[in-house]
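Reader: Please take a close look at the interior of this structure, and then follow the description outward from there.

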Amino acid sequence: MKRFEWSLRLKGFPIKEAKKTLRLIESYDEKAYANFLSRQLRSIVQFHLENTPFYQELCNGVDSNNWNELPVLTKANLQQPLKDRLSNKYTEKTVHQHKTSGSSGTPFSFAKDNFAHAMTWATFMQRYAWYDIDLNTSKQARFYGIPLDKKGYYKERLKDWLGNRFRFSVFDLSDAALETVLKKFKHTKFDYINGYTSSIVQFAKFLERKNIILKNICPTLNVCIVTSEMLFEADKQLLERQFNIPIVNEYGAAELGLIAFQNKDKQWLVNSNHLYVEILDDNNQPLPYGETGKVVITDLFNRAHPFIRYELGDIGRLSKASTLQQPILEQLTGRTSDIIKLPSGKMAAGLTFYYVTKTVMDTKANVKEFVIEQTQLNTFLISYVAENSLTNEQKQAVQLAVDKYLEPNLKLVFEQKEVLQRQNSGKLKQFISSL
């Protein structure tokens, strides 16, 4: 029985029609796809100009026939009641409603019409099938957060049952908790792992300490898909080594669905089925392939709520090998809100600091996890979890790396903790700026 597809249809999401539309889009040659994209962009803009007062106001005085003049929609624009942003063709009772996790620091509620939501799931099904995963039948080991209120908790557990997945808590990553996770893998025929990068990496480090290869105790495992957080190359190598299965990098957002997914040729293919991805400069002008800028995305089908030239809050780059039909995400640097500001006036992505520090702390110390908070222009608090405190020599090694890759005379404050504070979603925000 196609339990998962059945559950989508039961909730009113036309998954059959979406899969049919997806097959049609996939059949287009380059010219036909360009025509399709042009039609969809014009159509979604025109629809919201005619039916969505929220978007009409945003576009007031703008030449809507000039794509590059259309406003870039920011999360700040969405900090108002959902009912005030909906198309007048829909109500809060006739749409799929959800909330973002707030990992960008700007959480909000959003909506999708049923067909747009079905297109999201049709694309997930298509991409996962590249690795022989069938969402109807493949058993998932899920490392995600879960609401702790009774209603939210049982709602997610029901969705887990319908999705044929078992959810592990990401709020407790102690050795005792991970021992329980390991036992579940020993007795369950999981087909794949999916979840937050940082939590899965902690499980891999636990396996490394115990000298265990996960595939040896759970032979049915075929692939691990990490999402929602950055995957560093050193962590990917650790996962490959301790799991002995392919590691696939997924990039998505609750309000848009699947944005990019790694294929078997290690290319991070952008979802061009129902999204149009642009890379813009600070003046909201498009950048050519190969240049780094703001990730801005348009949902081609969502008529309930406009996501037109929506600034996701990430910084990325499309490969020069990209085409309109097959864009390739070459690099995802981090969030625009995670910017380090330095006394010299220099600015850098927060994950640059994290990566430099991580390299030293992973090679010279047994540090399980850490986060960095910029508390002043020249001061950074490094909170870390480790069995033993960092030595003065190890702290000095971190300082030297920061001097080299950022700038000298930055003050580092180290604080050892038993556990790091995670967001309500269970994600670990790796860099925080308090400036």
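Author: In this predicted model, the largest nonpolar core (buried Ala, Val, Leu, Ile, Met, Phe, Trp, Tyr and Cys residues joined through side-chain atoms within 4.5 Å) has 37 residues. Tyr 128, Ile 133 and Leu 135 have the most contacts inside this core. Buried stands for under 20% relative accessible area, exposed for over 50%, and partly exposed for what lies in between (1.4 Å probe, protein chains only).

Two or more residues of the core come from each of H1, H2, helix H3 (30-51), helix H5 (114-129), strand S6 (223-227) and strand S8 (257-262). Helices (H or I, at least four residues) and strands (E, at least two) are DSSP runs, numbered from the N terminus. The greatest share is that of H5, which supplies seven residues. Leu 135 is in contact (heavy atoms within 4.5 Å) with Phe 4, Trp 121, Phe 124, Met 125, Tyr 128, Gly 163 and Tyr 192, once residues up to four places away in sequence are left out. A second core lies apart from this one; Val 170, Leu 178, Phe 190 and Leu 238 are among its 31 residues.

In soluble globular proteins, nonpolar side chains tend to be buried together. Ile 297, in strand S11 (residues 292-299), is buried, with a relative accessibility of 0%. Beyond its neighbours within four places in sequence, Ile 297 touches Leu 256, Ile 259, Leu 275, Tyr 276, Val 277, Phe 307, Ile 308, Arg 309, Tyr 310 and Leu 312. The C-alpha atoms of Ile 297 and Glu 311 are 6.6 Å apart, although 14 residues separate the two in sequence.

Charged side chains come next. The structure has 14 salt bridges (a side-chain nitrogen of Lys or Arg within 4 Å of a carboxyl oxygen of Asp or Glu). One of them pairs Lys 19 with Glu 5, at 3.0 Å from N to O. Because Lys 19 belongs to helix H2 (residues 15-27) and Glu 5 to helix H1 (residues 3-10), this pair ties together parts that are 14 residues apart in sequence. Both H1 and H2 also give residues to the 37-residue core. Lys 19 is partly exposed, at 24% relative accessible area, whereas Glu 5 is buried, at 5%.

Another salt bridge joins Arg 157 to Asp 160, with 3.7 Å between the closest N and O atoms. Here both partners sit in helix H6 (residues 150-162), three residues apart, so about one helical turn separates them. Arg 157 is partly exposed, with 29% relative accessibility, while Asp 160 is buried, with 2%.

In a third example, the closest N and O atoms of Glu 208 and Arg 241 are 3.2 Å apart in a salt bridge. This pair spans 33 residues and links distant parts of the chain, with Glu 208 in helix H8 (residues 197-209) and Arg 241 in helix H10 (residues 233-243). Glu 208 is partly exposed at 38% relative accessible area, and Arg 241 is partly exposed at 44%. Elsewhere, salt bridges with shared partners connect Glu 156, Arg 157, Lys 159, Asp 160, Arg 165 and Arg 167 in one network.

Residue numbers start from 1 along each chain as its sequence is written, and side-chain values use heavy atoms, without hydrogens or water. Local features need pLDDT of at least 70 and side-chain atom pairs count only at pLDDT 80 or more, while totals for chains, interfaces and linings use all residues.
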